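Open the model in your viewer and keep the sequence panel beside it. The stops below go from the whole chain to single residues.

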Amino acid sequence: MSLVATITVSGDPQLLREYRGQVNRLLDEEAGDSYRELHTPERLEYEFKLRAGIPFPPFVTASQAFPDLTVEVQWNESAVGKSGHAIIRNGVLAEQAAQSYAPGGAVMHEVRAGADGRLELAVICARWRESWHGYVITADEHAFFRLMGPANSGELSASDGVDPEWAERWTVESGEAVYAELATPEPISEDELGDLDRLAQEFSGEWVWFEESPPEETAVERQRYETYGYPVHAANLRSEKLRTVLRPDNGRLAFGSFAEDTRWIPELLLRCWLRSNTSEAK
């Protein structure tokens, strides 16, 4: 069962209760794959582990009766190296996207935002040969990164922005990280750079809009940020993600798909790369 799908439904709590009753009845009638319900009063969440095919029909059918609710599907099929998402409103597919990666290794995300919508940290990461690599971005900074070795004894390299070379490095020993700016930046190999650029483009296209983008391309996001009272920064999370995907987490908003054995990756970036850039900004 290599296909994992998470379907979340957000909106008015009373409508969510009614929607759940209808969709559960439809799922029971289908008598298909088993699923887990991980609901809160403000949000429904269904988790499926499947051999093939995402059970869209019950959720689409129920959506027609509840047009004010937003249904979002996140799926990952590691055996064939594909993942994607879709958004359903009023029984209609409003948005969808898919991406490919090296089979056998999932693309993982970590996104954190302040209560005011500010992008505090976003990470997209995938396995690359004997290492992990990916793209990291905040409201004011971004970079490619590569991690060699295990959590407590390895090496973190980062670029300066999205330049095609490693510019700084942290050496981790017994959990402690030592920083060094590289006197001579190291070029990123062409094949790795291509994969890093793909990860960054796919993530930015789905999750981020930039202040420097033409006003006609970002007019809706700018209007929504003004309506919600969010300040605009160099990089900003798309309002749809802020409102329907991220969840409250200790006074902030967060979303993550890192497994327990890879949680150390965003934590190391927080501790090293983010702290270093925050210190430089000060």
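Helices (H or I, at least four residues) and strands (E, at least two) are DSSP runs, numbered from the N terminus. This is a predicted model, in which local features need pLDDT of at least 70 and side-chain atom pairs count only at pLDDT 80 or more, while totals for chains, interfaces and linings use all residues. Residues are numbered from 1 along each chain as its sequence is written, and side-chain values use heavy atoms, with hydrogens and water left out.

**Whole chain**

Start with the cartoon of the full chain, which shows six helices and 17 strands. Along the principal axes, the C-alpha atoms fill a box of roughly 65 × 45 × 35 Å. The radius of gyration (taken over C-alpha atoms; the globule rule is 2.2 Å times the number of residues to the power 0.38) is 20 Å, which agrees with the value near 19 Å for a compact globule of 282 residues. Colour by accessibility next: 47% of the 282 residues count as buried. Here buried means under 20% relative accessible area, exposed over 50%, and partly exposed in between (1.4 Å probe, protein chains only).

**A negative patch**

Select Glu141, Asp160, Asp163, Glu165 and Glu181, which form a patch of negative charge on the surface. Patches are made of residues with over 30% relative accessible area and no salt bridge, with like charges joined within 9 Å and nonpolar side chains (Val, Leu, Ile, Met, Phe, Trp, Tyr) within 5 Å. The areas come from the Shrake-Rupley method with a 1.4 Å probe, and for residues only the protein chains shown count as cover. Lys and Arg count as positive and Asp and Glu as negative; His and the chain ends are not counted. Each charge is placed at NZ of Lys, CZ of Arg, CG of Asp or CD of Glu.

Centre on Asp160, in the loop between β11 (153–159) and β12 (165–173). Asp160 is exposed, at 52% relative accessible area.

**Salt bridges**

Side chains of opposite charge can pair when their charged atoms come close. With a salt bridge defined as a side-chain nitrogen of Lys or Arg within 4 Å of a carboxyl oxygen of Asp or Glu, a search of the whole structure finds 18.

Select Glu37 and Arg20: their salt bridge has its closest N and O atoms 2.8 Å apart. Glu37 is in strand β2 (residues 35–37) and Arg20 in helix α1 (residues 13–30), so the pair ties together parts 17 residues apart in sequence. Glu37 is partly exposed at 30% relative accessibility, and Arg20 is partly exposed at 37%.

Stay in helix α1 and pick Arg17. Arg17 is exposed, at 52% relative accessibility. A C-alpha to C-alpha distance from Arg17 to Glu42 gives 9.6 Å, for residues 25 apart in sequence.

Move to Glu186 and Arg169, whose side chains meet in a salt bridge (2.9 Å, N to O). Glu186 belongs to strand β13 (residues 176–187) and Arg169 to strand β12, so this pair ties together parts 17 residues apart in sequence. Glu186 is partly exposed at 31% relative accessible area, whereas Arg169 is buried at 13%.

Then add Glu110, Arg112, Arg263 and Glu267, which salt bridges with shared partners join into one network. Within this group, the side chains of Arg112 and Glu267 meet at 2.9 Å, N to O. Arg112 is in strand β7 (residues 108–113) and Glu267 in helix α6 (residues 264–281), so the pair ties together parts 155 residues apart in sequence. Glu267 is partly exposed, with a relative accessible area of 35%.

**Three asparagines**

Where does Asn90 sit? Asn90 is in the loop between β5 (82–89) and β6 (92–100). Its phi is near 55°, a positive value in a residue other than glycine, and Asn90 is partly exposed at 41% relative accessibility.

Go on to Asn250, in the loop between β16 (247–249) and β17 (252–256). Asn250 also has a positive phi, about 55°, although it is not a glycine. Is Asn250 buried or exposed? Asn250 is exposed, with a relative accessible area of 75%.

End at Asn76 in strand β4 (residues 70–77). Asn76 counts as buried at 18% relative accessibility. Draw a line from its C-alpha atom to that of Thr171: the two are 95 residues apart along the chain and separated by 32 Å.
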